[in-house]
Structure formats: structure tokens, C-alpha cells
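The following note is offered to a colleague who is beginning to read protein structures. Please keep the model open while working through the numbered points.

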Amino acid sequence: MNQPPPRVSRAPSSPRNSLDTNAQLIVDQVLETAHAQRASDIHIEPLADRAVIRLRIDGRLHVLSYHPLDLLPQMISRLKVLARMDISEKRLPQDGRFSTNTVEGPRDYRVATVPMLEGEKAVVRVLMQNLSKLDFRRVGYTERNIQLYEALLNKPHGLLLHCGPTGSGKTTSLYAAINYLRQDWRNIQTIEDPVEGRLEGVNQAQVNVDIGLTFAKLLRGFLRQDCDIILVGEIRDPETAALAVQASLTGHLVLGTIHTNSAIGAVARLAEMGVPSFFFGTALLGSISQRLVRRLCKTCRRPYTPSQEMQQQYGLRPEHVFYAAVGCNECNNSGFKGRVGIQEVLSITPELRDAICKNMPEPELNRLSLQSGFVNMFRDGLAKAVMGHTTIEDVYAAVRADGT
């Protein structure tokens with residue numbers, strides 16, 4: 001069970017005490033339900049005349065329950081108490097985290113509150129468990145991409161970037177990479193905002209903008225920490241980008257994330273941040289871009305033969321089939337259960353490196369990458385749709401959303 005709620009007054013006739021008790025029970029039950037239904041986030045939010053609780057399951061929000069609006073402040077306070085946040089501050093956003101102990105082991109949560117027009121809203125992120133067991137296969141990489149990725153990670157130094165929007169699984173992939181690299185003889189240090197979970201044997205630091213502890217300031221400090229491997233949770237400004245490239249050129253393997261739509265787009269993004277192309281062109285080992293799509297329920301998925309038009313469009317053979325979602329008790333009649341990643345892994349070849357250093361345009365870089373056997377994200381997703389992992393519609397929607 002979750003941690004016991006704070007002791008309440010013994011006056012059962014008090015309406016306030018009754019509200020507090022009901023709110024605590026609701027929050028505790030929602031945490032249990034979120035775990036049982038594999039939710040990644042819990043939204044507790046105000047509407048005009050009531051409060052609603054929604055769970056994000058397989059990337060989509062689903063309404064769990066509605067409650068009287070006067071219960072909302074008590075539910076938010078319950079979360080603030082658990083996360084050791086200031087329960088009296090309702091005007092400003094706050095962040096916190098907490099853990100609960102259960103018979104299945106500890107569960108970790110991150111809480112963020114923000115004031116809205118009708119009252120405060122809270123979003124609870126259900127953090128990943130068993131991080132030390134994460135590997136590329138669990139994340140959804142194909143054998144070909146695993147081989148490419150591991151070859152890049154085995155380089156003694158250089159810059160390896162992960163691309164994609166928020167919620168695309170970048171952190172999960174990076175943790176899998178750190179698990180692959182962990183050895184007693186290596187000093188691995190990470191800069192995260194925030195730290196998603198503890199990795200045994202890894203030195204993890206968390207950004208704190210309130211006191212000026214930024215990605216750049218921590219990274220500058222790491223350069224004097226005798227690091228072998230540095231993970232930069234997000235390269236978001238010119239100073240951090242320049243320092244990451246500098247670190248990769250001075251004997252460190254640097255892993256980082258950057259917000260671009262495609263693997264090749266990382267080149268343009270570094271250039272936009274003012275890093276000279278000959279500088280990062282020398283440092284860059286490769287880049288990985290990914291998205292998460294819904295995984296079809298294996299119990300009820302239904303195969304179908306794509307039309308001739310689809311076969312021609314996607315280069316399929318007549319024996320290829322796609323799968324459609326149906327819905328059953330196993331998947332709560334959604335047709336989907338969990339999510340799977342679709343990825344593209346770009347390894348920088350000598351020809352591509354030379355083109356980057358010469359500041360060649362992106363179409364030319366794309367042409368050279370395809371010549372080297374690069375498989376883009378859509379083709380990776382298409383293969384997974386043919387294998388029955390997901391639907392072609394989900395793959396197309398995931399890549400079309402960002403123009404990839």
C-alpha cells in the first residue's frame with residue numbers, strides 16, 4: 001500500500017475533515033489504478049463545475065472519474081504533502097517527487113502543480129522502474145539498429161545525439177545506453193532535468209535553475225571530474241552545445257538529446273545554435289531519432305491484406321499483411337496494450353562527415369545517408385507494422401506529425 005496519510009482530526013462531524021479523508025482515499029486509489037493500468041501520467045484538473053481525473057495510457061488520455069469541485073484543493077494538498085511541497089502556495093507552479101513502498105517494491109512519482117482559472121491542476125508522472133534492466137530490445141530497437149547503436153557506443157570518444165519531441169522515449173533509450181556502458185572502471189556522469197530514476201554506479205546530477213545550476217554550468221564542472229562518459233539530458237542553448245562538442249573532442253564520449261524531427265536534422269540544429277560545422281562535424285559520431293507508437297494487443301489483433309495501392313505505395317509483396325486493432329478484455333477493448341518505439345539510427349560515414357564539415361545542405365546529407373544504407377523512421381515503423389507490432393496508421397501519424 002501507499003504511505004499512510006497524515007493523521008486527521010478525530011471530529012467526524014467536521015465537513016472539512018470529511019473532505020480531507022475522501023480526498024486522501026481518492027488520491028491513494030488513483031495511484032493504485034494508474035499502476036494497474038500502466039498509466040504514464042495522472043492529470044487531476046479543474047473544470048467549470050467539477051474536477052476530473054484522467055490517465056495517460058499508451059500515449060492517450062482517458063477519463064477515469066469526475067468529482068465535486070470542492071474536493072480538488074484537498075486532492076492537490078494530499079499530493080503536495082506526499083511530495084513535500086508547500087501546501088500554502090497556490091499562486092505559483094511547484095515541482096516535487098515522492099516514493100511509496102508496496103509488496104511489489106518501491107514506486108516513484110514526480111508531481112507538478114500549476115494554477116489554472118478554476119483552481120490548481122496537478123500532473124503526476126509515474127516514473128520508470130527497474131531501470132537497471134533496461135536494454136535496447138525492451139525499447140523496441142531492431143537487431144540491425146542495435147548493432148549500429150552498440151558500434152557507436154563502443155567508440156572511445158565523440159558526440160552521440162538523440163532526437164525527438166518530448167515523450168518520444170529519448171530518456172528510456174539513453175538509460176538503456178548507460179546500462180550497456182556501465183563498468184566499474186568507467187566514470188559515468190549525467191546531467192538531467194529532472195533525474196528520472198537512479199542508475200546504480202552512475203553519478204547523476206540535477207539541474208536547478210533557481211540557483212543558477214544549468215546544463216552548461218554542470219557540464220563545465222564535469223570537464224574537471226575525470227569523466228569517461230557524460231550524458232547531457234538536453235542540449236538546448238549555444239553554450240551547452242559548444243561545451244558538449246568540446247568535451248567530445250577532448251577524450252569523452254558524450255551522449256545528449258536535442259529537439260529535432262529527424263536524425264539528420266541534428267546537424268542543422270547544431271548549426272543554428274552557432275557551433276561551426278567543421279567543429280561538430282569532426283565530433284559527431286551519429287544521431288538517433290525515435291517516436292513511440294501504440295503496440296497492438298496480441299490477443300485480438302486482426303490481420304488483413306493491404307490493397308494493391310498500399311502494396312505499391314509501401315513497396316510490399318502480396319504475401320505481406322498488416323494488422324488492425326479489434327479490442328478485447330485483455331486490452332480494455334482498446335485494441336492496444338503498451339507502446340513500441342520506431343527509430344532511425346544514423347552513423348556518420350567518412351563521406352557524410354566530409355559533407356557536414358563543408359556545410360552541405362540537408363538534401364545532400366540525406367542522399368549520402370541513404371547511399372550508406374540508412375533506414376529512416378518510417379521504413380522502420382513499416383517493418384514493425386508488417387510484423388504486427390503496431391498499425392500502419394499509427395506509424396504514419398507518428399512520422400507525419402513532425403514532417404519526417
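1. Gln 343 has a relative accessibility of 0% and therefore counts as buried, in this predicted model. Gln 343 belongs to strand β15. The side chain of Gln 343 makes a polar contact, at 3.0 Å, with the side chain of Lys 384.

2. Strand β15 also appears in the description of a pocket. The second largest pocket holds about 340 Å³ of space. A total of 17 residues line this pocket, and those closest to its centre are Ile 57, His 62, Cys 331, Asn 332 and Ser 334. Strands β2 (50-57), β3 (60-68) and β15 (336-347) each contribute at least two residues to the lining. Which of these strands gives the most to the lining? The answer is β3, with 4 residues. Sorted by class, the lining comprises 7 nonpolar, 4 polar and 6 charged residues.

3. Asn 332, one of the residues closest to the centre of that pocket, deserves a separate remark. Asn 332 is located in the loop between β14 (322-324) and β15. The phi angle of Asn 332 is near 55°, which is a positive value in a residue other than glycine. For background, most residues other than glycine have a negative phi. With a relative accessibility of 60%, Asn 332 counts as exposed, because the cut-off for that class is over 50%.

4. Arg 84 offers a second case of positive phi. The phi of Arg 84 is also near 55°, and Arg 84 is likewise not a glycine. Arg 84 follows helix α2 and is found in the loop between α2 and β4 (94-102). Is Arg 84 buried or exposed? Its relative accessible area is 81%, so Arg 84 is exposed.

5. The helix that precedes Arg 84 should be examined next. Helix α2 spans residues 72-82, and 8 of its 11 residues are buried, so this helix is largely enclosed by the rest of the structure. The buried residues of α2 are Leu 72, Gln 74, Met 75, Ile 76, Arg 78, Leu 79, Lys 80 and Leu 82. The student may note that Arg 78 and Lys 80 are in this list, and that both are of the charged class.

6. A cis peptide bond also calls for attention. The bond from Asp 193 to Pro 194 is cis, with omega near -5°. As a general matter, most peptide bonds are trans. Pro 194 lies in the loop between β8 (188-192) and β9 (203-206).

7. The aromatic residues form a further topic. The model has 9 aromatic pairs in which the ring centres lie within 6.5 Å. In one of these pairs, the rings of Tyr 141 and Tyr 149 have centres 5.5 Å apart and planes at 50°; the pair is tilted because this angle is neither under 30 degrees, as for stacked rings, nor over 60, as for edge-to-face rings. Tyr 141 and Tyr 149 are both buried. Elsewhere, one aromatic cluster is formed by Tyr 304, Tyr 314, Phe 322, Phe 378 and Tyr 396.

8. Two arginine residues are placed over aromatic rings. Arg 50 lies over the face of Tyr 66, at 3.8 Å from the ring centre. Arg 294 lies over the face of Phe 336, and there too the distance to the ring centre is 3.8 Å.

9. Finally, three residues may be used to relate position along the chain to position in space. Arg 60, in strand β3, is partly exposed, because its relative accessibility is 44%. Arg 60 and Ser 40 are 20 residues apart along the chain, and their C-alpha atoms are separated by 9.6 Å. Arg 269, in helix α8 (residues 265-272), has a relative accessibility of 24% and so counts as partly exposed. The C-alpha atoms of Arg 269 and Ala 151 are separated by 24 Å, with these positions 118 residues apart along the chain. Val 139, in helix α3 (residues 136-139), is buried, because its relative accessibility is 8%. Val 139 and Thr 214 are 75 residues apart along the chain, and 29 Å separates their C-alpha atoms.

Terms used: Residues are numbered from 1 along each chain as its sequence is written. This is a predicted model: local features need pLDDT of at least 70, side-chain atom pairs count only at pLDDT 80 or more; totals for chains, interfaces and linings use all residues. Side-chain values use heavy atoms; hydrogens and water are left out. Rings of Phe, Tyr and Trp (its six-membered ring) pair if their centres lie within 6.5 Å; planes under 30 degrees apart count as stacked, over 60 as edge-to-face and the rest as tilted. Buried means under 20% relative accessible area, exposed over 50%, partly exposed in between (1.4 Å probe, protein chains only). A charge sits over a ring if NZ of Lys or CZ of Arg is within 6 Å of the ring centre and within 35 degrees of the ring normal. On a 1 Å grid over the protein atoms alone, a cavity is a set of points where a 1.4 Å probe fits but cannot get out, and a pocket is an open set with protein on both sides within 12 Å along at least five of seven lines; lining residues have an atom within 4 Å of a point. Grid points are joined across faces, edges and corners, and a volume is the space filled by probe spheres set on the points. A polar contact is a pair of N or O atoms within 3.5 Å; within protein, one must be able to donate a hydrogen and the other to accept it, and residues adjacent in sequence count only if both atoms are side-chain atoms.
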